[in-house]
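Please work through the following exercises with the sequence and the coordinates open beside you. Each task is followed by a solution that proceeds step by step.

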Amino acid sequence: MVGCPFTEGRVTINFHFNSMAAKVAVLLASHKLSEEVIERFSEIRESPKYDFFILYHTNEKCNNKISNSFIYPFSDSILVNLGYQSLTNSVLPGSNHFSLLGFFKNYNQYSFYWYIEDDVYYNGEWSVFLDHFELDLKSDLISSYVVNFEEQPGWSWWGAIHYLRGSIPDEVKVRSFNPIYRISNRALNFLDQKLLRGWVGHHEVLIPTLLKLGRFEIKDFGGKGAYVPPGCTNKFYRRDDASIVNDTMRYRPKIHIDEIREQLLYHPVKTYR
């Protein structure tokens, strides 16, 4: 075990890297290194089974503040440096996957990668959530709100996927909500090759659609729908088809602290104390 200290404000973290060929990387994505972000990172990294990193979106050059090897800093220049085409000239909206793929191309020794945005909160022990999927070695993508086109035809980003200016039929498209998801090494390698060949799209339709076309295994870790495994309906997040404001994982509105009652995933949570 190798320890590396990182200090931000009054908070100090000792990072530990499992040199014994760790299988899973857990990545917290953030555009800031505030005390609250570091606190959330500390909560997520409680389990010794995994290797933990921060995907830090910055416009600054690397300096002493972000030189730690367990912080993976990147800027919007990643949109060019990877050799992919992007929707716009910024990571947001839709190109969040570039940072994960950039990390993967530098750290490709892991079998699986968890991507977790800093406004995702689990009202329980993170190790319980992560360990639940430890023995699932077949699923290439595990995310939330995984639905086919016909289930939600009014979604605004369906058209944001194309290949060399060509389109693909709506009936083969799949979308997922990706503030938190797990993806396999083989799936990331497949996506890297597809993006290098000219595929472009919003990550919430690009990732699951390409993986479906490539015959990879896709699952939903809760909620409802065809991609939810037996016994997992509303297991890690609650989906209420009647109103999105009752869902614990949603695009908006923000989660109020009074809503955090069950041992579920919540998003977006800006503060929870």
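**Exercise 1.** Locate P253 among the secondary structure elements, and state which peptide bond that precedes a proline is cis in the segment after β13.

*Solution.* In this predicted model, P253 lies in the loop between β12 and β13, the latter covering residues 265-266. The peptide bond that leads from R252 into P253 is cis, its omega being near 0°. For the segment after β13, where P268 is found, the bond to consider is the one joining H267 and P268, which is likewise cis, with omega at about -5°. As background, most peptide bonds are trans.

**Exercise 2.** Take Y145 and R215, and determine for each whether the residue is buried or exposed.

*Solution.* Begin with Y145, which belongs to strand β8 and has a phi near 50°, a positive value in a residue that is not glycine. Its relative accessible area is 12%, and because buried means under 20%, Y145 is buried. Turn next to R215, found in the loop between α6 and β12, where phi is also positive, at about 65°, although the residue is not a glycine. The relative accessibility of R215 is 79%, and since the cut-off for exposed is over 50%, R215 counts as exposed.

**Exercise 3.** Write down the strand order of the open sheet of 7 strands, and explain why β5 and β12 each have one side without a neighbour.

*Solution.* The order across the sheet is β5-β4-β3-β6-β10-β8-β12, and the pairing is mixed. Strands β5 (71-74) and β12 (218-220) stand at the edges with a single partner strand each, so one side of each is left without a neighbour in the sheet. From one strand to the next, the twist averages 35°. For a pair within this order, consider β3 (residues 24-30) and β4 (residues 51-57), which run in the parallel sense and are joined over 6 bridges; among the residues concerned, A29 has L55 of β4 as its bridge partner. Helix α6 (residues 203-213) packs on this sheet, where it touches β8 (141-148), β10 (174-184) and β12, and its direction makes about 75° with that of β10.

**Exercise 4.** Describe how α5 is placed relative to α6, and then how α3 is placed relative to α5.

*Solution.* First, the axes of α5 (residues 185-196) and α6 come within 10 Å and cross at roughly 105°; the two helices are therefore roughly perpendicular to each other. Their contact is made by A187, F190, L191, K194 and L195 of α5 together with L206, I207, L210 and L211 of α6, a set that divides into 8 nonpolar residues, no polar ones and 1 charged.

Second, the axes of α3 and α5 also come within 10 Å, crossing at roughly 110°, which makes α3 roughly perpendicular to α5. The crossing is left-handed. On the α3 side the contact involves H97, L100, L101, F104 and K105, and on the α5 side N185, L188, N189, L191, D192 and L195; these residues divide into 6 nonpolar, 3 polar and 2 charged.

**Exercise 5.** State how many of the 10 residues of α3 are buried, and what follows for the helix.

*Solution.* Helix α3 (residues 97-106) has 8 of its 10 residues buried, so it is largely enclosed by the rest of the structure. The buried residues are H97, F98, S99, L100, L101, G102, F103 and F104.

Technical notes. Residues are numbered from 1 along each chain as its sequence is written. This is a predicted model: local features need pLDDT of at least 70, side-chain atom pairs count only at pLDDT 80 or more; totals for chains, interfaces and linings use all residues. Side-chain values use heavy atoms; hydrogens and water are left out. Two strands pair if DSSP finds at least two bridges between them. Helices (H or I, at least four residues) and strands (E, at least two) are DSSP runs, numbered from the N terminus. Axes are lines fitted to C-alpha atoms, for helices over the stretch in contact, and angles run from 0 to 180 degrees between N-to-C directions. Contact means heavy atoms within 4.5 Å. Buried means under 20% relative accessible area, exposed over 50%, partly exposed in between (1.4 Å probe, protein chains only). Angles under 35 degrees count as roughly parallel, over 145 as roughly antiparallel, 65 to 115 as roughly perpendicular and the rest as oblique. Ala, Val, Leu, Ile, Met, Phe, Trp, Tyr, Cys and Pro count as nonpolar, Asp, Glu, Lys and Arg as charged, and the others, Gly among them, as polar. A crossing is left-handed if the near helix is turned anticlockwise from the far one by less than a right angle, and right-handed if clockwise.
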